Amino acid sequence: MWTSADYSYMAHALQLAERGLNTTSPNPRVGCVIVNHGRIVGEGWHQRAGEAHAEVHALLAAGEHARGATAYVTLEPCSHFGRTPPCADALIHAGVSRVIAAMQDPNPQVAGNGLARLQAAGIATSSGLLEAQAQQLNRGFIQRMTLKRPWITLKTAASLDGKTALSSGESKWITGGPARLDVHRLRARSCAILTGIGTVLADDPSLNVRDIATTRQPLKIIVDSQLRTPLHATILKQPGTIIAHNCTDMSRQTALIATGAELIHVVDETPQINLPALMVFLAQRGINEIMTEAGAILNAALIQADLVDEWVMYVAPTLLGNDARGLFALPQPDNMAARRKLNLTDTRLIGTDLRITAQFTRD
């Protein structure tokens, strides 16, 4: 169905899309290549939400050379008016003769309508070329559109014997500098960083992106049912902090709001935060990908709620001993058949540390 040249051009479009890895939230990452008579005449990628989409950038670069050309797009061109006009209309007006999309748009406002609009205008269309790669690039956006919750990556750093800190709480630093820099790369692509009140009280983290060039800092979300976040906490000194709680103490709420934090009251019958309900709310806020940097209690709660999609574990070549703190406060399964299973998707050395990436299986 597709030629080797088609694969090459779509691969290039995916590389362009990846340039928006850290900046397009809440929009998907999209790249576009326009080819006329075997020559690339225009290319572009979506850079920031509210700005021109990939197709528009590519069409501007192509100019009149777009007429009769083939457009390779990593995501079905949009067919609705959002903050920008429909890209399907722009392609029609430019006179392209063929559009190949890597995948259909899972957004219900598009969902095949973009390709249908192009077909109605007499433009040949097809989709599915390098679809798996396109889906991987926008896994959070796809999940938000289809399951109504963000993609959650749980990040941990541990010793070879699975410990995250000494019994005293001391944990700096288990891993080396290259691994910590790699964490900032993961933060940069995330829409939000999720942590628990225990981590805030123990480590006073900032959870921002450092040492990586970025024009956008992820939101910070604290799961803090009783609003114990100190008013002087480092995480509150930056804009974009959300605290999920179910505390009725109005004076405490007022004091934290005065610091600039946004409070979300997540109602539950228990003292704990209803994590699935929180994820639905965050998806409605346009959050595609969440990176969790938390302690054993919140980590376990997310796993038990079946909310974790991926686990990125940095393993340092060191031992901390039996009394050191573990990764998860999970109950033991009743038997081996009930143990949680994961699929390893990547292992690599980052400096002297091992990074293991695994995805949770869902039967």
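Colleague: How many aromatic pairs does the structure hold?
Modeller: The structure holds two aromatic pairs, where rings of Phe, Tyr and Trp (its six-membered ring) pair if their centres lie within 6.5 Å. The model is a predicted one, in which local features need pLDDT of at least 70 and side-chain atom pairs count only at pLDDT 80 or more, while totals for chains, interfaces and linings use all residues. Residues are numbered from 1 along each chain as its sequence is written, and side-chain values use heavy atoms, with hydrogens and water left out.

Colleague: Why is the pair of Tyr 9 and Tyr 72 given its label?
Modeller: The ring centres are 5.3 Å apart and the planes stand at 45°. Planes under 30 degrees apart count as stacked, over 60 as edge-to-face and the rest as tilted, so this pair is tilted. Tyr 9 belongs to helix α1 and Tyr 72 to strand β3, 63 residues apart; helices (H or I, at least four residues) and strands (E, at least two) are DSSP runs, numbered from the N terminus. Both tyrosines are buried, where buried means under 20% relative accessible area, exposed over 50% and partly exposed in between (1.4 Å probe, protein chains only).

Colleague: What makes the pair of Trp 311 and Phe 328 edge-to-face?
Modeller: The centres are 5.1 Å apart and the planes are at 65°, so the angle is over 60 degrees and the label follows. Trp 311 lies in strand β13 and Phe 328 in the loop between β14 (325–326) and β15, so the pair ties together parts 17 residues apart in sequence.

Colleague: Are Trp 311 and Phe 328 buried or exposed?
Modeller: Trp 311 has 15% relative accessibility and counts as buried. Phe 328 has 24% and is partly exposed.

Colleague: How do you know that the charged end of Arg 19 sits over the ring of Trp 45?
Modeller: The test asks for NZ of Lys or CZ of Arg within 6 Å of the ring centre and within 35 degrees of the ring normal. The charged end of Arg 19 sits over the ring of Trp 45, 4.7 Å from its centre. Arg 180 does likewise over the ring of Trp 173, at 4.4 Å.

Colleague: Which residues of the largest nonpolar core touch the most other members?
Modeller: Met 10, Ile 34 and Val 99 do, out of 40 residues. Such a core is a set of buried Ala, Val, Leu, Ile, Met, Phe, Trp, Tyr and Cys residues joined through side-chain atoms within 4.5 Å. Helix α1 (4–18) is among the elements that each supply at least two residues, and α1 gives the most, with six. Apart from this core lies another of 30 residues, including Cys 191 and Val 315. Met 10 touches Tyr 72, Val 73 and Leu 130, among others more than four places away in sequence; contact means heavy atoms within 4.5 Å.

Colleague: What makes β1 and β3 a pair?
Modeller: Two strands pair if DSSP finds at least two bridges between them. β1 and β3 have four, in the antiparallel sense, with Ala 71 as the bridge partner of Ile 34. Four bridges also join β3 to β4, and those two run parallel.

Colleague: Which way do the residues of β3 point?
Modeller: Thr 70 and Tyr 72 point one way, Ala 71 and Val 73 the other, and all are buried. In a regular strand the side chains alternate between the two faces of the sheet.

Colleague: Why do β11 and β15 stand at the edges of their sheet?
Modeller: The sheet is open, has nine strands with mixed pairing, and follows the order β11-β10-β9-β8-β12-β6-β13-β16-β15. β11 (262–265) and β15 (342–350) each have a single partner strand, so one side of each lacks a neighbour. Neighbouring strands are turned by 20° on average, direction ignored; axes are lines fitted to C-alpha atoms, for helices over the stretch in contact, and angles run from 0 to 180 degrees between N-to-C directions.

Colleague: Why is His 37 called exposed?
Modeller: Its relative accessibility is 80%, and the cut-off is over 50%. His 37 is found in the loop between β1 and β2 (39–45) and has a positive phi of about 55° although it is not a glycine.

Colleague: What about Asp 306?
Modeller: Asp 306 is partly exposed at 39%, and its phi is positive too, at about 60°. Ser 25 and Pro 26 are joined by a cis peptide bond with omega of about 5°. Most residues other than glycine have a negative phi, and most peptide bonds are trans.
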